Each structure stands twice: as C-alpha cells, then as structure tokens.
Amino acid sequence: MNNYLLSVYDKTEYNAGPKAKRDISRILSEKLNFKNIEFYFNLDNTIFSKINKIKYLNWDIPRKLKNKKIDNIFIQYPIYSTVVIKKILSSLDRDVKVYYIVHDLESLRLFKNDKNYLSEEINRLNDADGIISHNSIMTKWLKENGVKTQVSDLEIFDYLTKNVAPESNSYEKTLCYAGNLQKSDFLVNEFYPIDVYGPNPKKEYPKTVSYKGVFTPEELPKHLKENFGLIWDGNRIDECNGVYGEYMKYNNPHKVSLYLSSGLPVIIWEKAALAEFVSKHQVGIVVGSLAQLQNKLGSLTEEEYLNLRYNAQLVSEKLKNGYYIVKAVSNLIDNK
C-alpha cells in the first residue's frame with residue numbers, strides 16, 4: 001500500500017502555526033511509512049507570488065505527482081487556493097483515494113455566516129473519500145451541514161517535543177498562558193496571577209500579569225514551570241467570545257496539546273469542544289468564567305492536583321508518540 005501525505009506551507013509564515021502540520025508529516029512518515037509531498041508558496045497577492053503560483057500550477061505540481069504509484073493520499077486541509085487544490089486533484093490518477101486532515105474550517109471561523117462559502121466547503125469535503133475531523137462536536141456539525149463522506153475523529157492534536165516541563169511535586173496554584181498575545185485581549189482584565197509567554201505582548205498589563213518572553217514551540221515546554229496552562233480567547237473573562245472564542249466550541253486549539261505534552265494540566269472554558277476531552281481524561285479543570293479561578297484553584301487539594309498532573313503525563317506520552325493521528329488515519333484506511 002503506497003500512502004502519501006501532501007502538505008502546503010506558506011513561505012512567509014513564522015509562528016507556531018506550521019508545527020501541527022510538520023508533526024503530522026513526521027509521525028505518519030515514521031509510524032505508518034507515509035511518503036511526504038510538500039509545496040511551498042508565498043500565500044499573498046504580490047506579483048512575485050502570482051508568477052510563482054503559475055510556475056507551480058504548470059510545472060511543479062504535475063512534476064511532483066507524475067508517475068507516482070499512490071493508493072491513498074492524505075491532504076492537510078485547508079489549502080488556501082482553490083486553483084491549487086483543483087490542480088493537485090486533477091493531477092492524481094482517478095483510482096487514488098483522497099482524504100483530508102482538517103486543521104481549520106473557515107466556514108466555522110472567518111466565513112461563519114457566509115452560506116455560499118459553507119456550500120463550497122461542504123461540497124469540497126464531500127469530494128474526498130474521507131475526512132479527519134477535530135472531534136465529535138465538529139463531526140456532528142459537519143454531518144448536520146451536509147457532509148456525507150466518512151469521518152474519523154482526531155480527538156486532539158499530537159505534539160512532538162523532547163523537552164518536558166520540570167517535575168512539580170507541590171501545588172502552588174500557579175497559572176500560565178502561551179500564545180499570540182496580540183489577540184489575547186482578555187489579559188488586559190485583572191482576574192488571577194498569570195505568567196504569559198508569546199510574541200506581540202501589549203505595552204501594559206495589569207499587575208497580575210507577568211510576561212516571561214517568547215520561545216519556539218520546541219523550546220517552550222521546558223519553560224512552563226506553572227501548575228496549570230490556560231486555554232481562553234476573546235476580550236472577556238466571563239466567556240470566550242469573538243471569532244476565535246466562538247471557534248473554540250468546535251475546534252482543537254493546539255495550545256491544549258502544548259500544555260498536555262508537557263505534562264501540564266489545563267484550565268479550559270466549559271463550552272469549548274475540548275472541555276469534554278479534559279473532563280473525560282481528568283487532565284484539568286473546566287470553568288465558565290475566569291472569575292471562578294480563585295475559588296477553583298483555592299479549593300483544589302494537592303492530592304487532587306497531583307492526580308490531574310499524573311493523568312496529564314499519561315496523555316503526554318500519547319501526544320509525543322503520535323497516538324491520535326495514527327489512530328484516526330488508520331481508521332479511515334482500514335474502513336475504506
């Protein structure tokens with residue numbers, strides 16, 4: 001069986017975004033003997049980018065896919081160019097099985113209320129032989145909106161790292177947050193002492209916020225010495241709001257994988273899709289508002305905390321070994 005993974009990367013991208021894609025590429029290559037096909041575009045509207053795209057469409061894509069014996073090809077979705085994805089699909093033999101590994105659904109995020117975009121995206125997904133969705137809640141939404149092809153749930157994104165957070169044998173009620181601080185507006189509210197990591201910090205924060213710097217996704221875990229990692233979005237503390245806050249009701253934030261791969265229990269909004277995973281595996285605390293943190297963390301005993309941390313470390317081993325993507329991919333291939 002000849003299995004391939006196709007990935008498109010943005011040459012101009014420099015943040016944690018590509019890590020989920022690169023981890024999947026490495027895991028499937030090492031664990032399931034997948035071969036990788038990679039394309040690099042400047043995903044902008046400059047003249048150079050447009051000329052480069054023409055070269056890719058007429059030369060690079062056909063050349064890379066020509067004369068390859070492919071049984072199954074998994075495509076990391078979305079590819080932000082309709083022309084490019086159409087060219088890729090048309091360059092494949094008709095008997096090749098095509099699957100999408102969903103990283104983002106723009107009809108649930110930036111184009112949430114655009115019926116035309118939704119229709120186009122659902123049709124595109126239905127053209128595939130199968131889809132890997134983030135979780136059961138996203139899968140339910142896909143089915144309710146017309147997806148008829150086979151769907152396998154990922155559950156959570158794997159996270160490859162050799163670094164781990166220092167062992168903590170005591171509970172000090174400490175909290176951290178890692179992410180792009182430019183859009184983490186909730187941090188301007190005073191709610192609980194918190195250490196923050198990431199690019200684009202604001203010039204001023206409340207006294208409860210301690211900025212700890214920016215590190216690569218590979219290096220960050222060894223700096224997370226706190227007891228909990230926070231997953232939150234928007235500009236309010238009583239709920240996650242805005243485009244990305246609403247998106248949390250359906251998606252798997254990569255931040256959850258970062259924390260858990262470090263053996264760090266998490267705190268997550270009760271309406272987030274991954275709140276179910278956190279509760280099921282007992283790897284953190286679910287809250288309705290950040291105003292609850294004082295009571296929640298204050299009433300948690302050290303024994304209860306160490307149990308959460310132990311469970312997080314069990315999940316960590318799975319994340320660092322690619323357990324979830326291997327399971328989801330194997331489900332599609334084995335049930336085709």
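Which residue stands opposite Tyr 9 in strand 2? In this predicted model, the residue of strand 2 that stands opposite Tyr 9 is Tyr 40, and the pair offers a convenient place from which to enter the sheet. Strand 1, made up of residues 3-10, pairs with strand 2 in the parallel sense, and seven bridges join the two.

The sheet as a whole is open and consists of six strands, which follow one another in the order 2-1-3-4-5-6 with parallel pairing. Its edges are formed by strand 2 (35-41) and strand 6, each of which pairs on one side only. Ignoring direction, neighbouring strands of this sheet are turned against each other by 20° on average.

Strand 1 also pairs with strand 3 (residues 72-77), again in the parallel sense, over four bridges. Tyr 4 illustrates both pairings, since its bridge partner in strand 3 is Ile 73, while its bridge partner in strand 2 is Lys 35.

In a regular strand the side chains alternate between the two faces of the sheet. For strand 1, one side carries Asn 3, Leu 5, Ser 7 and Tyr 9, the other carries Tyr 4, Leu 6, Val 8 and Asp 10, and all of these residues are buried, so that both faces are covered. Because eight of its eight residues are buried, strand 1 is largely enclosed by the rest of the structure.

From the sheet we can turn to a helix that lies against it. Helix 5 packs on the sheet and touches strand 4, strand 5 and strand 6, and its direction makes about 165° with that of strand 6.

Within helix 5, which spans residues 136-144, the buried residues include Met 138, Thr 139, Trp 141 and Leu 142. They lie on the same side of helix 5 because they cover an arc of only 160° around the axis. Lys 140 and Glu 144, in contrast, are exposed on the other side of helix 5. The cover over the buried residues of this helix includes strand 4 (97-102), strand 5 (130-133) and strand 6 (150-153), together with helix 4 (115-126).

The two ends of helix 5 complete the picture. At its start, a side-chain oxygen of Asn 135 reaches to within 3.0 Å of the backbone nitrogen of Ile 137, whereas after the helix comes Gly 146, whose phi is positive, near 110°.

Key:
Residues are numbered from 1 along each chain as its sequence is written. This is a predicted model: local features need pLDDT of at least 70, side-chain atom pairs count only at pLDDT 80 or more; totals for chains, interfaces and linings use all residues. Side-chain values use heavy atoms; hydrogens and water are left out. Buried means under 20% relative accessible area, exposed over 50%, partly exposed in between (1.4 Å probe, protein chains only). The arc is that of the directions from the helix axis to the C-beta atoms. Contact means heavy atoms within 4.5 Å. A polar contact is a pair of N or O atoms within 3.5 Å; within protein, one must be able to donate a hydrogen and the other to accept it, and residues adjacent in sequence count only if both atoms are side-chain atoms. Two strands pair if DSSP finds at least two bridges between them. Axes are lines fitted to C-alpha atoms, for helices over the stretch in contact, and angles run from 0 to 180 degrees between N-to-C directions.
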